[in-house]
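User: I'm new to reading protein structures and would like a close look at a single part. Could you walk me through the helix H4 and the core around it, once the structure is on the screen?

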Amino acid sequence: MDVSGRRVLVVGLGSSGRAAARLALSRGARVTGVDLRTAVDPIPGVELELGPHDPATFESADLVVVSPGVPASMPLLATARAAGAEVLGELGFAARLLTLPVVAITGTNGKSTVTHFTGQLLRADGDRPFVGGNLGTPLSLAILEDSGFDVAVVEVSSYQLELAGAFRPRVGVVL
């Protein structure tokens with residue numbers, strides 16, 4: 001996915017949103033971040049709009065990246081789609097830019113434990129896994145950190161899967 005020069009809107013500026021904004025910026029996008037909270041630390045190079053959302057911001061975006069805590073049913077996401085924007089969650093956005101094979105673990109119970117254990121098994125086999133996703137470290141950081149990872153092992157919540165786009169892990173586990 002080439003985001004260079006595109007207007008990328010990041011909705012929700014928690015850890016996943018901040019990582020996605022930095023990733024989009026590193027790929028040459030013009031990035032705006034929005035959050036209903038008014039006390040959000042600045043992100044160098046990212047324009048912030050804090051407090052109530054302006055529909056025009058959603059209408060002018062080429063791509064909208066949604067943080068996991070933002071409901072997929074948010075009406076302004078439909079506004080962005082109607083204006084021609086693609087809407088993806090942070091997971092789907094990062095996965096499109098990721099060149100590593102992905103092991104995705106989802107389900108009702110045991111996701112974090114199995115994700116950590118899978119990372120340990122891969123490490124014991126000599127691989128350098130990125131371990132993250134829903135359990136704390138956003139997938140976008142696997143790309144930003146570029147730490148020589150061989151594989152990404154990610155815990156994936158049902159909320160992340162709602163806006164996953166063309167996310168296609170090499171291995172998928174449902175618990």
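Analyst: Here is a walk from the whole chain to helix H4, its core, and some residues around them.

Let's begin with the overall picture, and please keep in mind that this is a predicted model. The protein has 7 helices and 9 strands. Its radius of gyration is 16 Å, close to the 16 Å that the globule rule gives for 175 residues, so the protein is as compact as a globular protein of that length. If you lay the C-alpha trace along its principal axes, it spans about 50 × 30 × 30 Å. Buried residues make up 48% of the 175. The accessible surface comes to about 8300 Å², and carbon and sulfur atoms account for 51% of that. Contacts also reach across the sequence: among those between residues at least 6 apart, 56% join residues at least 24 apart.

Now to the helix you asked about. H4 covers residues 90–97, and it is mostly covered, with 7 of its 8 residues buried. Those buried residues are Glu 90, Leu 91, Gly 92, Phe 93, Ala 94, Ala 95 and Leu 97. What do they pack against? The buried residues of H4 pack against the helices H1, H6 and H7 (158–162), and against the strands E4 and E5 (86–89).

Next comes the core. In soluble globular proteins, nonpolar side chains tend to be buried together. Here, the largest nonpolar core has 35 residues, and the members that touch the most others are Val 8, Phe 93, Leu 98, Leu 139, Val 154 and Phe 167. Several elements each supply at least two residues to this core: strands E1 (7–11), E4 (63–66), E6 (102–106) and E8 (151–155), together with helices H1 (15–26), H4 and H6 (140–145). H4 gives the most, with 5 residues. Apart from this core lies another, of 15 residues, among them Val 11, Phe 58, Ala 61 and Ala 80.

Val 154 is a good residue to click on. Leaving aside residues up to four places away in sequence, Val 154 touches Val 102, Val 103, Ala 104, Ile 105, Thr 115, Phe 130, Gly 132, Gly 133, Leu 139 and Phe 167. Two of these partners, Leu 139 and Phe 167, are also on the list of core members that touch the most others.

From here, you can follow some of the elements that H4 packs against. Helix H6 holds Leu 144. Leu 144 is partly exposed, with a relative accessible area of 25%. Not counting residues up to four places away, Leu 144 touches Ala 19, Arg 22, Leu 23 and Ser 26. Leu 144 and Leu 23 are 121 residues apart along the chain, yet their C-alpha atoms are separated by 6.3 Å.

Pro 68 sits in the loop between E4 and helix H3 (75–82). At 27% relative accessibility, Pro 68 counts as partly exposed. This residue brings us back to H4: Pro 68 and Leu 91 are 23 residues apart in sequence and 8.4 Å apart in space, C-alpha to C-alpha. Beyond its close sequence neighbours, Pro 68 touches Ser 16, Tyr 159 and Gln 160.

Two polar residues are worth a look as well. Thr 106 is in strand E6, and it counts as buried at 16% relative accessibility. With residues up to four places away in sequence left out, Thr 106 touches Lys 111, Val 156, Ser 157, Ser 158, Leu 161, Val 173, Val 174 and Leu 175. Asp 35 belongs to strand E2 (residues 30–35). With 7% relative accessibility, Asp 35 is buried too. Its contacts, counted in that way, are Gly 12, Leu 13, Gly 14, Val 40, Glu 49, Leu 50, Gly 51 and His 53.

For a contrast, try Ala 166, in the loop between H7 and strand E9 (171–174). Ala 166 counts as partly exposed, at 44% relative accessibility. Ala 166 and Pro 44 lie 122 residues apart along the chain, and their C-alpha atoms are separated by 29 Å.

To come back to your helix: H4 has 7 of its 8 residues buried, and it gives the most residues to the largest nonpolar core.

Key
Residues numbered from 1 in each chain as written. Predicted model: local features only at pLDDT ≥ 70, side-chain atom pairs only at ≥ 80, totals over all residues. Heavy atoms only, no water. Core = buried A, V, L, I, M, F, W, Y, C linked by side-chain atoms within 4.5 Å. Buried < 20%, exposed > 50% of the residue type's maximum accessible area, 1.4 Å probe, protein only. Helix = DSSP H or I, 4+ residues; strand = E, 2+ residues; numbered from the N terminus. Contact = heavy atoms within 4.5 Å. Rg over C-alpha atoms; globule rule 2.2 N^0.38 Å. Areas by Shrake-Rupley, 256 points an atom, 1.4 Å probe, with all protein chains shown as cover.
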